[in-house]
Each structure stands twice: as C-alpha cells, then as structure tokens.
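Please open the structure in your viewer and keep the selection tool at hand. We will go from stop to stop together, and at each one you will find something to select and look at.

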Number of protein chains: 2
Amino acid sequence: MHLTASQIRQDLNCFGGFGQQGYGYNVSELRKEIGRILGVDKHRKTILIGAGNLGTALAVHINFEKSGCSLIGIFDSNKKIVGNPLGKLTITDIDDLEKFCRENKPEVAVLCIPKSVTKEIVDRLTELGVRSFWNFSHYDINVEHKNIIVENVHLGDSLLTLSYGVNNNLDNDK
Amino acid sequence: MHLTASQIRQDLNCFGGFGQQGYGYNVSELRKEIGRILGVDKHRKTILIGAGNLGTALAVHINFEKSGCSLIGIFDSNKKIVGNPLGKLTITDIDDLEKFCRENKPEVAVLCIPKSVTKEIVDRLTELGVRSFWNFSHYDINVEHKNIIVENVHLGDSLLTLSYGVNNNLDNDK
DNA sequence: TAGATTGTTAATCGATTAACAATC
DNA sequence: TAGATTGTTAATCGATTAACAATC
C-alpha cells in the first residue's frame with residue numbers, strides 16, 4: 001500500500017496504542033478497533049436521492065452496511081419510475097420525503113441529482129435533521145450551517161486528473 | 001476554494017509565469033494555459049469497458065471531451081446488451097476488443113468491470129497499446145509495467161471516509 | 001509617486017521518515 | 001541474552017504561508 005512501518009505506527013498512535021512492544025499487534029483485534037474508529041459497526045439510516053443511472057449503480061453495487069450505513073429509502077421526482085423496485089427497496093416519490101424523514105429519521109443522504117436542484121434538496125434535508133451528505137452532484141454544498149459533514153465525489157475532476165497524468169507522463173498511482 | 005493568493009502564485013510558478021508584475025493576470029489566457037497543462041485541448045481516444053449500471057451512468061453523464069478525452073467505443077461481455085445503443089455509440093462485444101483496438105488505437109480505457117476480470121482486461125489492453133486507465137473496479141492495477149497511468153476511483157473508500165467523518169464529527173469539506 | 005499585483009525567496013508548519021528506548 | 005517489534009521522540013522533507021522585491 002506504499003506505506004512504511006513508521007508511518008503506520010505514527011498513524012495508529014493518533015488513536016492510541018493497539019500493540020504490545022516486542023510482541024506485535026493482535027491483528028484481528030486491531031482490525032476491529034480500526035473498524036470502530038471508522039464507524040463500520042454502526043447502522044446509520046441512509047437515504048438515496050435520485051434513482052437515475054448513477055443512483056441505480058450505487059444502490060446496486062455499493063455495500064452500504066460495510067461502511068456502517070443502512071440504505072432505507074430511495075427517492076426520485078420522476079413519476080414514471082416511482083413505485084419501481086430498486087435492489088431491496090421501492091422508489092418513493094420525492095414529495096413524500098418530509099413524511100418519510102419525520103417517521104424514519106435518516107442521518108445520511110446520498111445525492112445523485114442534478115446541480116440545479118441540489119441546494120433545495122440539501123435545505124430540505126438539513127431541515128429534516130440529515131447531517132451527512134455523500135454528494136455526487138456538481139453543486140458545492142455550502143457548509144454555512146456547521147455540524148454538517150460532506151463527502152464530495154466529483155467524477156469529472158477525477159478524469160481531469162487522469163488527463164493531466166496522461167499529458168505529463170505521471171505515474172499517479174501511489 | 002479554500003486557497004490563498006500565495007498558494008496560487010506558488011502553484012502557477014511550477015509551470016511558469018503567466019501574469020505581469022504590478023498589472024495582473026490575463027484571465028482568459030491563464031485559463032487557456034491551465035487547460036493546456038491539463039490537456040483538455042486534446043481528443044484522446046477513449047473506450048469504456050463494461051456497460052452495466054455504472055458504465056452506463058458514466059457514458060451518459062460524463063463530458064469526456066471536457067477533459068480532453070473522446071469516447072469512441074463501449075464494450076461488454078453480455079451478449080444480451082451487445083448491439084444496444086448507449087449515448088451516441090453502440091455496445092460492442094468484448095470479443096471484438098482486439099480488432100477494434102488495432103483499427104482505432106485508443107489510448108485511454110475506463111474500467112467499469114468486476115474485480116475478477118480486471119487483471120485479464122488490463123493485460124489485453126496494455127498489449128494493445130492502451131496506457132491510461134480510469135479504474136472503477138476494486139482491483140488494484142499492478143503497475144509493474146511502467147509508463148502506465150492509473151486513476152483509481154474506489155467509491156467504497158469514499159463512503160468510508162464519510163462514515164469516519166460522521167462518527168468523529170469532522171468537517172472534511174476542504 | 002502611491003497603490004496594486006505578480007514573482008520569488010525565506011519562514012513556518014505539518015507530515016513523513018529515521019532513530020532509539022521499551023518490552024516481549 | 002539476542003532478536004524482534006511497538007511506542008515515542010528527533011530529524012528530515014515538502015508544502016503552505018509570509019515577506020518582500022520587481023514591475024505596472
């Protein structure tokens with residue numbers, strides 16, 4: 001993984017001492033501890049907004065539980081696909097978002113929606129108590145309201161990084 | 001963008017001087033220069049391997065030209081979807097990969113395929129002269145053969161980062 | 001000349017690496 | 001005791017920030 005032993009020891013010490021000097025690490029215990037730090041033992045209720053190509057891909061391929069998230073709802077504004085099954089869930093009308101959230105209190109939202117509607121959706125969701133966003137839209141969520149956690153995934157930027165690498169013969173796989 | 005003026009000047013100077021002291025930058029010229037550095041003015045022939053949910057999402061939503069790439073072929077092993085249209089292209093049988101590459105000489109490949117077949121596909125593509133990979137599979141491409149450029153996108157890692165942020169109340173939007 | 005803005009050098013900061021003490 | 005391995009401090013490296021010279 002391109003990491004030195006020294007770096008691993010330093011990093012682990014940010015969270016505490018997990019090994020025994022002269023003896024080593026209990027690997028399975030260490031693994032569990034790291035999992036706890038990352039929060040993979042949680043089941044945070046998560047909803048997906050937007051069941052287009054990307055939303056569908058994520059709903060099908062991402063193992064949410066593996067990251068401590070539990071996908072409990074999928075929403076879309078397209079009435080033609082509302083009611084359709086997607087994985088183990090059924091696509092719900094975005095108009096029912098408020099009702100659903102008041103009843104189920106999700107904490108995390110995955111945003112697979114166009115830039116133009118993202119601000120409105122984020123406003124509605126924060127109002128409803130959602131504090132964490134996995135954001136695939138091109139809109140940059142404005143964290144004026146602190147205590148909100150955002151993980152942006154801008155795939156276009158990633159392709160641009162590759163393009164730079166191609167044009168400058170860089171091995172950026174580190 | 002959370003950048004200081006100093007940082008921008010430093011970064012620009014890695015590539016040369018683009019402004020005039022006391023006067024400023026010619027913004028549209030600077031923009032063009034940065035574009036050239038990133039290679040967005042190129043039209044590198046690009047193929048997409050795997051037309052599942054994720055591959056479809058990328059084919060539809062990503063503006064390849066904007067990053068200097070030109071999508072010229074889409075391949076899948078599923079005979080049921082071979083021949084189907086996808087965007088402006090038609091899904092081609094993966095068995096025709098060699099023929100297509102010898103004729104069209106693509107430089108970049110987007111990998112939306114399962115981990116299990118990635119090594120084989122990468123071997124075939126490098127043999128055919130493809131040197132750059134935008135890799136969405138979970139397989140870590142082994143760059144033993146230098147001169148190969150890889151940009152990995154592991155969406156699961158991104159969700160795990162969010163999970164850590166949620167559990168430790170970190171604002172990681174910087 | 002005064003004000004403004006870039007280019008470049010120096011200072012600061014943080015992260016990586018190396019060294020070594022502690023311990024089995 | 002010798003060898004091995006973690007925890008922790010010190011040294012090194014690189015990137016960010018600050019300072020200032022150059023220029024309009």
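The tour below visits the two DNA strands, then the domains of one chain, and then some aromatic rings.

**Before you start**

This is a predicted model, in which local features need pLDDT of at least 70 and side-chain atom pairs count only at pLDDT 80 or more, while totals for chains, interfaces and linings use all residues. Residues are numbered from 1 along each chain as its sequence is written, chains are lettered from A and ligands numbered from 1 in the order in which they are written, and side-chain values use heavy atoms, with hydrogens and water left out.

**Stop 1: DNA strand D**

Select DNA strand D and the residues near it (a heavy atom within 4 Å). You should find 20 residues around the strand, the closest being A:Asn13, A:Gln21, A:Gly22, B:Ser6 and B:Gln10. Of the strand's atoms that come within 4 Å of the protein, 54% belong to sugar and phosphate.

Now zoom in on the polar contacts (pairs of N or O atoms within 3.5 Å; within protein, one must be able to donate a hydrogen and the other to accept it, and residues adjacent in sequence count only if both atoms are side-chain atoms). The side chain of B:Gln7 has an N or O atom 3.1 Å from a phosphate oxygen of DNA strand D. In the side chain of B:Arg9, an N or O atom is 3.0 Å from a base nitrogen of this strand. At B:Gly22, look at the backbone: a polar atom there is 3.1 Å from a base oxygen of DNA strand D.

Which element gives the most to the surface near DNA strand D? Colour α1(B), which supplies four residues. Helices here are DSSP runs of H or I with at least four residues, and strands are runs of E with at least two, numbered from the N terminus.

**Stop 2: DNA strand C**

Next, select DNA strand C, which 20 residues surround; A:Ser6, A:Gln10, B:Asn13, B:Gln21 and B:Gly22 are the closest. Sugar and phosphate make up 55% of the strand's atoms within 4 Å of the protein.

Show the side chain of A:Gln10, where an N or O atom is 2.6 Å from a base oxygen of DNA strand C. B:Arg9 also has a polar side-chain atom 2.8 Å from a base oxygen of DNA strand C. For the surface near this strand, α1(A) gives the most, with four residues.

**Stop 3: the domains of chain A**

Zoom out and colour chain A by its domains (bounds from an automatic or database domain assignment). Domain 1 covers 5–38 and domain 2 covers 44–157. Taken over C-alpha atoms, the centres of these two domains of chain A are 34 Å apart.

**Stop 4: aromatic rings**

Over all chains, the whole structure holds eight aromatic pairs (rings of Phe, Tyr and Trp, its six-membered ring, with centres within 6.5 Å; planes under 30 degrees apart count as stacked, over 60 as edge-to-face and the rest as tilted). Select A:Phe75 and A:Phe100: their ring centres are 5.1 Å apart and their planes are at 80 degrees, so the pair is edge-to-face. A:Phe75 sits in strand β4 (residues 69–76) and A:Phe100 in helix α4 (residues 97–104) of chain A, 25 residues apart.

Are these rings buried (under 20% relative accessible area) or exposed (over 50%), with partly exposed in between (1.4 Å probe, protein chains only)? A:Phe75 is buried at 0% relative accessibility, and A:Phe100 is buried at 16%.

Finally, select A:Phe64, A:Trp134 and A:Phe136, which ring pairs link into a cluster.
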